[in-house]
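The following exercises ask you to work through the metal sites, the ligand contacts and the largest pocket of one model. Each task is followed by a solution that goes step by step.

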Amino acid sequence: QAKAAGKGRVQHFNEAMLDQAHERMQLESSVLQALQRNEFDIYYQPVHRLPLADKAKPVGVEALLRWRQGNRMISPAAFIPVLEESGEIVAVGYWVLQQACRQVRHWQQSGAEELKCSVNLSGLQLEQQDFAQQVQRVLTDTGLSPASLVLEITESLLIDQSGSTLANLRELAQLGVRIALDDFGTGFCSLGYLNRFPLHVLKLDRSFLNQADQCSKQRAICRAIIQLARTLEMDVIAEGVETREQVDFLHQERCYLGQGFLLGYPMPAAEFQQHFEQTLSTSIPASSHMSAL
Ligand code: C2E
Ligand code: MG
Ligand code: MG
Ligand code: MG
């Protein structure tokens with residue numbers, strides 16, 4: 001189509017493409033050095049019980065990777081694929097795991113005894129033959145108990161799994177580490193996967209909840225996923241909780257855990273610490289049917 005558009009436009013088009021390609025190449029080469037250059041940071045987003053009581057303590061945190069470029073924070077969606085293509089995600093993922101476990105252990109020791117730590121995994125990490133041992137080493141080094149760690153994987157990781165993935169998942173489950181299926185319902189997993197793999201938590205993708213207010217079918221899908229989790233004795237965490245109405249809906253559907261901007265944004269460690277120190281001064285009634293998270 002570019003040819004048909006005439007000479008001037010072709011040139012214009014190519015320059016724009018070159019600019020884009022150049023920018024991408026720069027991004028790619030610089031993100032590969034970000035670990036050595038200390039440019040990565042971890043943000044922590046709270047997981048809360050629903051309905052949210054005033055000043056309730058978070059029951060967990062999800063570690064979310066950020067790349068600091070000057071005073072810009074770059075979101076992982078922009079660079080995780082680059083790290084995966086080069087294999088660098090294995091080293092970066094290990095770093096995230098170490099940092100997050102150490103941080104959460106520290107928070108546990110300063111009063112948040114029950115706080116759980118969720119870390120996102122890439123498929124490449126789980127394909128490494130000794131991955132479960134690596135996790136065990138991190139737990140030993142940081143003093144975090146296996147039951148405090150939740151590893152989040154995606155449906156696509158299960159579909160493309162090869163090598164040691166299944167063995168690692170089993171070994172991790174054996175250790176007492178819990179496995180969460182992230183963004184559940186958006187991939188192409190058949191329900192048989194829920195049985196074939198050791199999975200303990202379903203994360204209801206935020207796209208379903210997003211439209212639950214306006215769309216009765218989306219509400220029905222949320223309801224079905226929540227029931228599925230309950231039937232399989234898995235925990236379910238609603239992602240992307242942004243409104244009071246959504247909290248009411250989730251509570252009514254008996255989904256008791258949520259994560260989202262209404263409950264807390266992803267924030268730097270220091271800020272998260274302030275956030276939860278405020279909650280420690282008030283006593284929270286021990287109200288829960290939720291065993292785990
Ligand atoms: P995810 O694991 O599903 O994480 C949730 C994403 O939703 C986060 O985006 C979070 O900031 C965003 N979010 C949370 N609450 C809300 C809400 O109420 N509304 C909306 N619109 N968004 C919300 P983020 O931090 O940009 O991360 C994107 C994805 O990058 C993550 O999705 C995860 O798949 C991946 N990721 C993040 N950190 C790591 C990591 O350390 N390793 C790997 N392999 N992947 C990571
Ligand atoms: Mg996640
Ligand atoms: Mg998710
Ligand atoms: Mg998501």
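Donors are N, O and S atoms within 2.8 Å of the metal (3.2 Å for Na, K and Ca), and sites may look incomplete because water is not among the atoms. The model is predicted, so that local features need pLDDT of at least 70 and side-chain atom pairs count only at pLDDT 80 or more, whereas totals for chains, interfaces and linings use all residues. Residues are numbered from 1 along each chain as its sequence is written, chains are lettered from A and ligands numbered from 1 in the order in which they are written, and side-chain values use heavy atoms, with hydrogens and water left out.

**Exercise 1.** Identify the protein donors of the magnesium ion (ligand 3) and state their spacing along the chain.

*Solution.* Begin with the atoms: Asp-182 (OD), Asp-183 (OD) and Glu-239 (OE) are the protein donors, lying 1.8 to 2.3 Å from the magnesium ion (ligand 3). Then read these donors along the chain, where they follow the spacing D-D-x55-E.

**Exercise 2.** Determine which residues coordinate the magnesium ion (ligand 2), and which residue bridges this ion and the magnesium ion (ligand 3).

*Solution.* The magnesium ion (ligand 2) is coordinated at 2.0 to 2.3 Å by Glu-62 (OE), Asn-120 (OD1), Glu-152 (OE) and Asp-182 (OD), and the spacing of its donors is E-x57-N-x31-E-x29-D. The bridging residue is Asp-182, and the two ions lie 3.9 Å apart. Next, place two of the donors in elements, with helices (H or I, at least four residues) and strands (E, at least two) taken as DSSP runs numbered from the N terminus: Glu-152 is in strand β5 (residues 149-153) and Asp-182 in strand β6 (residues 178-184), so that the pair, 30 residues apart, links distant parts of the chain.

**Exercise 3.** Decide whether Asp-182 and Asp-183 are buried or partly exposed.

*Solution.* Buried means under 20% relative accessible area, exposed over 50%, and partly exposed in between, with a 1.4 Å probe and protein chains only. Asp-182 counts as buried because its relative accessibility is 8%, whereas Asp-183, with a relative accessible area of 26%, is partly exposed.

**Exercise 4.** List polar contacts of ligand 1 with the protein, taking a polar contact as a pair of N or O atoms within 3.5 Å.

*Solution.* A nitrogen atom of ligand 1 is 2.5 Å from an N or O atom in the side chain of Glu-242. A nitrogen atom of ligand 1 also lies 3.1 Å from a backbone N or O atom of Leu-65, and an oxygen atom of ligand 1 is 2.8 Å from a polar backbone atom of Phe-261.

**Exercise 5.** Describe the lining of the largest pocket by its closest residues and by class.

*Solution.* On a 1 Å grid over the protein atoms alone, a pocket is an open set of points where a 1.4 Å probe fits, with protein on both sides within 12 Å along at least five of seven lines, and lining residues have an atom within 4 Å of a point. Of the 42 lining residues, Glu-62, Leu-64, Pro-76, Asn-120 and Asp-182 are the closest to the centre of the largest pocket. The largest share of the lining, 5 residues, comes from β2. By class, with Ala, Val, Leu, Ile, Met, Phe, Trp, Tyr, Cys and Pro as nonpolar, Asp, Glu, Lys and Arg as charged, and the others, Gly among them, as polar, the lining has 16 nonpolar, 14 polar and 12 charged residues.

Conventions: A polar contact is a pair of N or O atoms within 3.5 Å; within protein, one must be able to donate a hydrogen and the other to accept it, and residues adjacent in sequence count only if both atoms are side-chain atoms.
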